[in-house]
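Please look over the structure shown here. The briefing after it covers a charge over a ring, a pocket, aromatic pairs and one helix.

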Amino acid sequence: MLREHDQTIDTYSRRVNALHRRLHIPRDYTSRGLPFQRKPTELVAVTCGLNGQTRYMTPETKSKFLAMQTAAAAFSITLVVRWGYRSIDDQAELIREQLACSSSSIDQLLTWIAAPGHSEHHTGRALDFECIPADMAFEDTGAFGWLNQNAKAFGFQMSYPPLNPYGIIPEPWHWCYHPEA
């Protein structure tokens, strides 16, 4: 007999598989090596969007992000979170929206959006930063330079640098908190 925790895990996996079928995610998607990601046990609200929007992240991610944001501000660097936690349903909706408004195939889309169950945003530890100024590529901003020099000291790493092993396009704005880093 499954314990309650095991049933929860099984239910989550079944939901991810159902979403994959509905979205026509290729069956060999997991061979790309993106780890299966689960929702954390606790999320906290953080006011951190450009217009004071609320984003969600784990308590430890919040603590490290706020410390990193304060340290960056001392160098006149503004770190604003565009995305934090995203559920598997949010991820599926993002894919549906992109399929509806672009000519990209699901295979093309999966080079820049992870399939439900495989996005680091599901963990509450991944943060996508706003590009400030908005008309500049993120990798050309002071925030990107500062993150490259300092994010590791706060436990954050850029997840998808150029030539990453997952086939995801480079995402210089996407940083994930890794407590063991």
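The charged end of which residue sits over the ring of Trp83? It is that of Arg86, 4.4 Å from the ring centre. Bear in mind that this is a predicted model.

**Trp83 and its surroundings**

- Trp83 is found in strand β3.
- Its relative accessible area is 33%, so Trp83 is partly exposed.
- Beyond its neighbours within four places in sequence, Trp83 is in contact with Arg55, His121, Ala126, Leu127 and Asp128.
- Trp83 and His121 are 38 residues apart along the chain, yet their C-alpha atoms are separated by 8.0 Å.

**The largest pocket**

- The largest pocket holds about 500 Å³ of space.
- Its lining has 24 residues. Nearest its centre lie Trp83, Trp112, Asp128, Glu171 and Trp173.
- Three elements, β3 (81-83), α3 (88-101) and β4, each give two or more residues to this lining.
- Helix α3 gives the most, with 3 residues.
- Trp83 and Asp128 both lie nearest the pocket centre, and Trp83 is in contact with Asp128.

**Aromatic pairs**

- The model has 6 aromatic pairs.
- One of them joins Phe156 and Tyr177, with ring centres 5.5 Å apart. The planes of Phe156 and Tyr177 are at 50 degrees, so the pair is tilted. A pair counts as edge-to-face over 60 degrees and as stacked under 30.
- This pair links distant parts of the chain: Phe156 is in strand β5 and Tyr177 in strand β6, 21 residues apart.
- Both Phe156 and Tyr177 are buried.
- Tyr160 and Tyr166 form another pair, with ring centres 6.2 Å apart. Their planes are at 80 degrees, so this pair is edge-to-face.
- Tyr160 is buried, because its relative accessible area is 5% and the cut-off for buried is under 20%. Its partner Tyr166 has 26% relative accessibility, so Tyr166 counts as partly exposed.

**Helix α5**

- Helix α5 spans residues 142-150. Its buried residues are Ala143, Phe144, Trp146 and Leu147.
- Why are these residues on the same side of α5? They cover an arc of only 165 degrees around the axis.
- What covers the buried residues of α5 includes helix α2 (59-73) and strands β4 (126-129), β5 (156-158) and β6 (174-177).
- Strands β5 and β6 also carry the tilted pair, with Phe156 in β5 and Tyr177 in β6.

Methods: Residues numbered from 1 in each chain as written. Predicted model: local features only at pLDDT ≥ 70, side-chain atom pairs only at ≥ 80, totals over all residues. Heavy atoms only, no water. Buried < 20%, exposed > 50% of the residue type's maximum accessible area, 1.4 Å probe, protein only. Helix = DSSP H or I, 4+ residues; strand = E, 2+ residues; numbered from the N terminus. Arc of directions from axis to C-beta. Contact = heavy atoms within 4.5 Å. Phe/Tyr/Trp six-rings, centres within 6.5 Å; stacked < 30°, edge-to-face > 60°. Lys NZ or Arg CZ within 6 Å of the ring centre and 35° of its normal. 1 Å grid on protein atoms, 1.4 Å probe; cavity = no way out; pocket = protein on both sides within 12 Å on 5 of 7 lines; lining within 4 Å. Points joined across faces, edges and corners; volume = space filled by probe spheres on them.
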